[in-house]
Amino acid sequence: MTPMSSAEAPRLVVLAGPTAVGKGTISAYVRTHFPQVWLSVSMTTRPKRPGEVDGVHYHFVAEQEFQRLIDAGEFLEYAQVHGRAYYGTPRGPVERALASGRPALLEIDLQGARQIRETMPEALFVFLEPPSWDELVRRLVGRGTETEEERTVRLETAKRELAAASEFDVVITNDDVRRASEELVSLMSSRPSAQS
Ligand code: 5GP
């Protein structure tokens, strides 16, 4: 591995992990407490949930528009998540953030992380894991925003996704939102040698 200098391009960090592990909560914490970090706003075809703001949490678009953007090559990655809605990372804003010198954070699902691994292998891949399986189930049920059928699909997805931790450069345990967020942000401003 070659030593890296601080003069290098800022870091792109990809945060993934099983459903309901708290990626969204970590992103929200980073957005509020670490304004130096640029957060990608994904596009999605799923309906807006109460409290979500278009352009802040997601860009909410119709499937036809999403398909147009796929065809135009406008996504860095995209995926159909839980066999339902489509989610994608708009390419331009990420490239502009990195070019302007800001570290950038993508909070995406595992399929998306694997696509970025192919196209941008220099990114740092971070897996957020729950403190335990029981805790993950508790969080998923506790959120109460999904139907019983959706929950079953999500738990099946989560089980498969948990097994993917070894594909990642770093694993962070989401035992405490503040602690986990600080660990994540510290990775964005340093280049640990564990990454060889
Ligand atoms: P939710 O609908 O609960 O906000 O998110 C569902 C899942 O979609 C989460 O696992 C989240 O990480 C993932 N997701 C959000 N944005 C993107 C994206 O741009 N690309 C991909 N591949 N997954 C995303």
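What radius of gyration would a compact globule with 196 residues have, and what does the chain have? A compact globule would be near 16 Å, and the chain has 16 Å, which agrees. The model is a predicted one.

**Whole chain**

Start with the entire chain selected and shown as a cartoon. Seven helices and nine strands are there to be found. Aligned along the principal axes, the C-alpha atoms fill a box of roughly 50 × 40 × 30 Å. Switch to a surface next: the chain exposes about 10,300 Å², and carbon and sulfur atoms supply 51% of that area. Of the 196 residues, 46% are buried. If you draw the contacts with a separation of 6 or more, 70% of them join residues 24 or more positions apart.

**The ligand**

Select the ligand and the residues around it. The shell holds 16 residues, and the closest are S42, R46, Y58, Y87 and E107. Colour the shell by residue class: five are nonpolar, four polar and seven charged.

Now look at the oxygen atoms of the ligand. R46 places a polar side-chain atom 2.6 Å from a ligand oxygen. For E107, a polar side-chain atom also lies 2.6 Å from an oxygen atom of the ligand. In the side chain of R49, an N or O atom is 3.0 Å from a ligand oxygen. On its own the ligand has 510 Å² of accessible area, and the protein covers 94% of it.

Which strands should be highlighted around the ligand, each supplying at least two residues of the shell? They are β5, residues 75–80, and β6, residues 86–90. The largest share of the shell, three residues, comes from β6.

**S40 and S27**

Move to S40, in the loop between β2 (38–39) and β3 (43–44). Is S40 buried or exposed? S40 has a relative accessible area of 13%, and since buried means under 20%, S40 counts as buried. Leaving out residues up to four places away in sequence, S40 touches T89, V94, L105 and L106.

Select S27 next, in helix α1. S27 is buried as well, at a relative accessible area of 5%. With residues up to four places away in sequence set aside, S27 touches L39 and E107. The latter contact leads back to the ligand, where E107 is among the closest residues.

**A20**

Go to A20, in the loop between β1 (12–16) and α1 (23–33). Check the backbone here: phi of A20 is near 70°, a positive value in a residue other than glycine. Most residues other than glycine have a negative phi. The relative accessible area of A20 is 15%, so A20 is buried under the 20% limit.

**V126 in strand β8**

Select strand β8, residues 124–129, and pick V126 within it. V126 is buried, with a relative accessible area of 0%. Show the contacts of V126, again without residues up to four places away in sequence: V13, V14, L15, A16, F168, V170, I172, L184 and L187. Then set a distance label from V126 to G17: the two are 109 residues apart along the chain, and their C-alpha atoms are separated by 8.2 Å.

**Helix α6: A158 and V153**

Finish at helix α6, residues 148–162, which holds A158. What is the relative accessible area of A158? The value is 0%, and A158 is buried. Not counting residues up to four places away in sequence, A158 touches P18, T19, W133 and L136. A distance label from A158 to E65 should read 29 Å between C-alpha atoms, for residues 93 positions apart along the chain.

V153 is also in helix α6. With a relative accessible area of 32%, V153 is partly exposed, because it falls between the limits of 20% and 50%. As a last label, connect V153 to S42: the C-alpha atoms are separated by 22 Å, and the residues are 111 apart along the chain. S42 returns the view to the ligand, as one of the closest residues in the shell.

Note on methods. Residues are numbered from 1 along each chain as its sequence is written. This is a predicted model: local features need pLDDT of at least 70, side-chain atom pairs count only at pLDDT 80 or more; totals for chains, interfaces and linings use all residues. Side-chain values use heavy atoms; hydrogens and water are left out. A residue is near a molecule or strand if one of its heavy atoms lies within 4 Å of it. A polar contact is a pair of N or O atoms within 3.5 Å; within protein, one must be able to donate a hydrogen and the other to accept it, and residues adjacent in sequence count only if both atoms are side-chain atoms. Accessible areas come from the Shrake-Rupley method with a 1.4 Å probe; for residues, only the protein chains shown count as cover. Helices (H or I, at least four residues) and strands (E, at least two) are DSSP runs, numbered from the N terminus. Ala, Val, Leu, Ile, Met, Phe, Trp, Tyr, Cys and Pro count as nonpolar, Asp, Glu, Lys and Arg as charged, and the others, Gly among them, as polar. Buried means under 20% relative accessible area, exposed over 50%, partly exposed in between (1.4 Å probe, protein chains only). Contact means heavy atoms within 4.5 Å. The radius of gyration is taken over C-alpha atoms; the globule rule is 2.2 Å times the number of residues to the power 0.38.
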